[in-house]
Amino acid sequence: MVQLPRARRLLRPLTSRAALLSRISPRLALLLPLLLASKLAVHLAARGKRAGSSTVSSAERQQLIAELRAEVSAPLPHAIGGETLDADTYQRFLQVHGWSLPKAAAMLSKDIEWRKRVRPRALRPRHMPAACSQRGWVVLMRHQGSGNLTEDEPSPPEAAAAHSGRPAYLPTLRIGHYFGRGKGGGGRSLHPPHTKPPLAHWVYTRHGMPVTYVNVRAWHPERFTSRDECTRFCAYHMEHYIRRMPVRRGRRVQRACILISLSGFKASMVPHVCECIQVLRRHYPGRLGVACLYNTPSYWYPFWRIFCGLFDEEIMSKVHFLPASVADVAGAMAWVDKQQLHAFL
């Protein structure tokens, strides 16, 4: 059991900022009790994971995976939107719980029920039109051809990178945009982020991880039609991450990279960010390879204290604040490619 003084030290960073956050946005005051409890619960869970995971041998892990598969049987693919639960899925859920079979089974059972309801693999832009019409979250592509690639122009950082000789990363098109010409002067509708224009390729880190770029200034979750739209949109991008994961050295990459430019962050985004974190923790454990935060505003850190209360130890170890010299996507990609990261389980 955690001693009382230790618990107080864990919660002090949040309680000391309660009045400040309440003045910034009255809605944040409603989140504070949950976040206080979450921070302590995450610490308790992390201690249990550290104590148990290091003592499990390779043979025992295979046995636990087999036992979890027997206890929580995989549903038929059509029941959860077309995906299949494989051995790696069971391993990820066990790893984040320190190879505790009861905890992994409980979490996986809830995840399957969520997938039956949300069907994330079957999500399409029509299920979240307000979210997909924005340019806040984009899947990066590299243009390797000539001529007009799309009707959209790259954002200024990417355009500057192109002129400087660095690789140009072009985001996917918004829903409703077209490329190419057909009969009658029409075009073929893109299905972002599941299709890409010709002469373009998805961007990967040197480790093989697919990349999504989040431009916070262009993200407006307050315009979403409902809270569920934020959940669906996050799951939509996570499923596309999984689709893009390549096979390297005979194994499929299991983790992804996310680049986040924090310039323009607003207090009204906090509930939506918390919702995205919960989707990542509960339904995509072990999928994050690295999260790079840059262009950090000076007022960001009180909010960071809130989000830290929701992260588990596994996610916290993947989050990096980049140097002030990194100001664009090309710089962030260069930083990531210099790191020793693990793209596999």
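1. Buried is used here for a residue with under 20% relative accessible area, exposed for one over 50%, and partly exposed for what lies in between, with a 1.4 Å probe and protein chains only. Helices (H or I, at least four residues) and strands (E, at least two) are DSSP runs, numbered from the N terminus. By these terms helix H11 (301-308) is mostly covered, since 6 of its 8 residues are buried, namely Pro302, Phe303, Trp304, Ile306, Phe307 and Cys308.

2. On the basis of the note: this is a predicted model, in which local features need pLDDT of at least 70 and side-chain atom pairs count only at pLDDT 80 or more, while totals for chains, interfaces and linings use all residues. Residues are numbered from 1 along each chain as its sequence is written, and side-chain values use heavy atoms, with hydrogens and water left out.

3. On the strand pairing, where two strands pair if DSSP finds at least two bridges between them: strand S1 (residues 137-143) is joined to S6 by 3 bridges in the antiparallel sense, and the partner of Val139 in S6 is Thr212. S6 (211-215) pairs in turn with S9 in the parallel sense over 5 bridges, with Asn215 standing opposite Ser261 in S9. S9 and S10 are parallel over 6 bridges, Cys257 having Val290 as its bridge partner in S10. Finally, S10 runs parallel to strand S11 (residues 319-321) and is joined to S11 by 3 bridges, where Cys292 is opposite His320.

4. On the surroundings of these strands: 7 of the 7 residues of S10 are buried, so this strand is largely enclosed by the rest of the structure. S6 is mostly covered, with 4 of its 5 residues buried. S9, H10 and S10 together make a right-handed β-α-β unit, the term right-handed meaning that, with the strands pointing away from the viewer, the path from the first strand over the helix to the second runs clockwise.

5. On internal space: a search of the whole structure finds 3 cavities of 30 Å³ or more, and about 540 Å³ of space lies in the largest cavity. A cavity is a set of points, on a 1 Å grid over the protein atoms alone, where a 1.4 Å probe fits but cannot get out, and lining residues have an atom within 4 Å of a point. Grid points are joined across faces, edges and corners, and a volume is the space filled by probe spheres set on the points.

6. On the lining of the largest cavity: there are 28 lining residues, of which Ile258, Ile260, Val273, Cys276 and Ile277 lie nearest the centre. Strands S6, S9 (256-261) and S10 (288-294), with helices H9 (227-244), H10 (270-283) and H11, each supply at least two residues of this lining. By class the lining has 25 nonpolar, 2 polar and 1 charged residues, with Ala, Val, Leu, Ile, Met, Phe, Trp, Tyr, Cys and Pro counted as nonpolar, Asp, Glu, Lys and Arg as charged, and the others, Gly among them, as polar.

7. On aromatic contacts: the structure holds 12 aromatic pairs. Trp137 and Phe233 form a tilted pair, at 5.2 Å centre to centre with 50° between the planes, and this pair links distant parts of the chain, with Trp137 in S1 and Phe233 in H9, 96 residues apart. Rings of Phe, Tyr and Trp (its six-membered ring) pair if their centres lie within 6.5 Å, and planes under 30 degrees apart count as stacked, over 60 as edge-to-face and the rest as tilted. Both Trp137 and Phe233 are buried. One aromatic cluster is formed by Phe265, Trp300, Tyr301, Phe303, Trp304, Phe307, Phe311 and Phe321.

8. On two buried positions: Met141, in strand S1, is buried with a relative accessible area of 1%, and its C-alpha atom is separated by 6.1 Å from that of Ala200, 59 residues apart along the chain. Thr205, in the loop between strand S5 (200-202) and S6, is buried at 2%, and lies 9.8 Å from Leu341, C-alpha to C-alpha, at 136 residues apart in sequence.

9. On backbone angles to check: most residues other than glycine have a negative phi. Trp99 has a positive phi of about 65° although it is not a glycine; Trp99 is placed in the loop between helix H5 (87-95) and helix H6 (101-118) and is buried, with a relative accessible area of 7%. Arg249 has a positive phi of about 55° and is likewise not a glycine; Arg249 is in the loop between strand S7 (247-248) and strand S8 (251-252) and is exposed, with a relative accessible area of 73%.

Conventions
1 Å grid on protein atoms, 1.4 Å probe; cavity = no way out; pocket = protein on both sides within 12 Å on 5 of 7 lines; lining within 4 Å.
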